[in-house]
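Reader: Good morning. May we go through this model together, step by step?
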Amino acid sequence: MTIFGINRRAHRGWKLALTSVSMATLVACGGSEGALPFQTLDGTQPLVIGHRGSAGYLPDHTLEGYKLAIQNGADFIEPDLVATKDGELVARHEPNISGTTNVAERPEFAARKTTRMVDGVAETGWFATDFTLAELKTLRAIQPLSERDQSHNGKYQIPTLREVLDLAKTEGVKLNRSIGVYPETKHPTYHVDANLKLEDRLLAVLAEYGYTKKESPVIIQSFEVSNLQYLRPKTAVRLVQLVDGDDYDFKTGKVTFAAPFDRPYDWTRAGKTANFDSMLTPAGLAEIKKYADGVGPWKTYIIPVKGTFDAAGKMLDVNGDGAVNYADGTSQSASNLVADAHKAGLMVHTWTFRNESRRLTADLKGDPKAEYLLFYRIGVDGLFSDFTDTAIAARASYLKELGR
Ligand SMILES: [Ca+2]
């Protein structure tokens with residue numbers, strides 16, 4: 001998922017709901033007496049997904065990070081999956097492990113440094129696909145973002161998918177609640193090219209745990225399309241089509257497109273020229289519904305962000321911190337995307353929510369909870385957060401608003 005943060009908007013949803021929802025509807029939705037209904041597809045509360053574990057607090061994709069997310073209340077934890085040279089699935093954000101491990105400090109692996117093409121882009125570094133699982137296990141995770149706590153660097157191992165599934169199961173038993181696992185197939189085409197195709201390996205591991213049904217505590221996500229279409233007839237586990245973009249145009253509030261974030265890479269390979277946003281029209285959503293259970297759009301597709309411009313067309317430093325950037329944007333009214341997706345029978349899981357002030361638009365006034373509330377009120381079915389505790393606290397406020 002793209003690095004850039006996001007935003008928010010006005011408050012159509014719940015104010016209207018407060019005045020227009022009848023008691024009959026409330027009872028039908030299964031709420032307690034006097035409670036307002038959730039706006040989600042299935043009428044249950046929105047899910048909180050621990051993005052890469054607890055990326056705001058601990059290095060991405062470590063058992064310690066996943067465990068903290070669970071302790072902080074996550075309903076699901078999210079391992080991104082890449083393959084090792086010997087075909088094991090491990091949790092890393094990308095095949096290139098240079099930024100998320102201490103591999104560069106290990107002289108015995110110096111010769112493994114190489115340049116590989118990932119989604120049409122030449123990357124230089126160390127790649128999981130060149131290491132056996134045993135070798136990867138000797139590495140330790142590091143925090144990739146310099147603004148975040150670096151004090152846990154060098155402590156934690158790269159977990160396998162099985163270890164993540166075991167952790168979710170064990171912690172779920174301890175807490176007496178279901179902890180779901182939300183794996184993402186990372187760069188499926190890259191893995192096909194490396195002769196380490198992800199999909200059957202993933203299904204085989206899930207089958208070991210009996211996770212083959214729609215109600216299994218697993219949701220598989222992908223930015224590519226054909227691998228989800230490949231998975232559909234092979235598993236009843238829920239599938240989610242992720243929808244990316246490159247950046248924003250602060251004048252229009254629209255997502256912009258540039259390779260490799262212009263379209264699913266399997267589309268690029270197949271010579272398709274449509275961009276990611278073509279998936280989010282009613283026709284695009286109907287297409288997704290043929291092979292997936294939900295859509296996972298970047299949150300700016302749901303609540304666009306615009307800047308404020310002077311007469312000369314210069315974007316203004318709204319928050320007065322001397323820099324002009326995302327934090328000077330203002331959340332706009334919600335698009336029709338959540339409503340359209342729900343109409344198509346698709347759940348909507350959006351990303352990524354982060355606490356840092358530079359990742360919050362000016363209208364949020366530094367309060368990350370305010371951003372979650374905007375999205376909960378619109379009816380998103382789930383969201384990916386780097387700070388699960390904040391997402392859960394905001395959900396508690398939302399439940400209060402609804403009288404639950
Ligand atoms: Ca500013």
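Reader: What pLDDT does the chain average?
Author: The chain averages a pLDDT of 93, where pLDDT is the predictor's confidence in each residue, from 0 to 100. Of the residues, 92% score at least 70. Over residues 1–29, however, the pLDDT is below 50. Beyond near neighbours in sequence, this stretch has 92 contacts in the model, a contact being heavy atoms within 4.5 Å.

Reader: And what are the ground rules?
Author: This is a predicted model, in which local features need pLDDT of at least 70, side-chain atom pairs count only at pLDDT 80 or more, and totals for chains, interfaces and linings use all residues. Residues are numbered from 1 along each chain as its sequence is written, and side-chain values use heavy atoms, with hydrogens and water left out.

Reader: Which residues coordinate the calcium ion?
Author: The calcium ion is coordinated by Asp317 (OD), Asn319 (OD1), Asp321 (OD), Ala323 (O) and, twice, Asp328 (OD), at 2.2 to 2.5 Å. Donors are N, O and S atoms within 2.8 Å of the metal (3.2 Å for Na, K and Ca); water is not among the atoms, so sites may look incomplete. In sequence, the donor residues follow the spacing D-x1-N-x1-D-x1-A-x4-D.

Reader: Is Asp317 buried or exposed, or partly exposed?
Author: Asp317 counts as partly exposed because its relative accessibility is 26%. Asp321 is partly exposed as well, at 46%. Buried means under 20% relative accessible area, exposed over 50%, and partly exposed in between (1.4 Å probe, protein chains only).

Reader: Switching topic: which residues of strand β9 are buried?
Author: In β9 (residues 219–222), Ile219 and Gln221 on one side and Ile220 and Ser222 on the other are all buried, which leaves both faces covered. Strands (E, at least two residues) and helices (H or I, at least four) are DSSP runs, numbered from the N terminus.

Reader: What does β9 pair with?
Author: β9 pairs with strand β10 (residues 238–243) in the parallel sense over four bridges; two strands pair if DSSP finds at least two bridges between them. The bridge partner of Gln221 in β10 is Val240.

Reader: Which peptide bond leading to Pro260 is cis, and where is Pro260?
Author: The bond from Ala259 to Pro260 is cis, with omega near 5°. Pro260 lies in the loop between β12 (254–256) and α9 (265–269). The peptide bond from Trp351 to Thr352 is also cis, with omega near -15°, and Thr352 belongs to strand β16 (residues 347–353).
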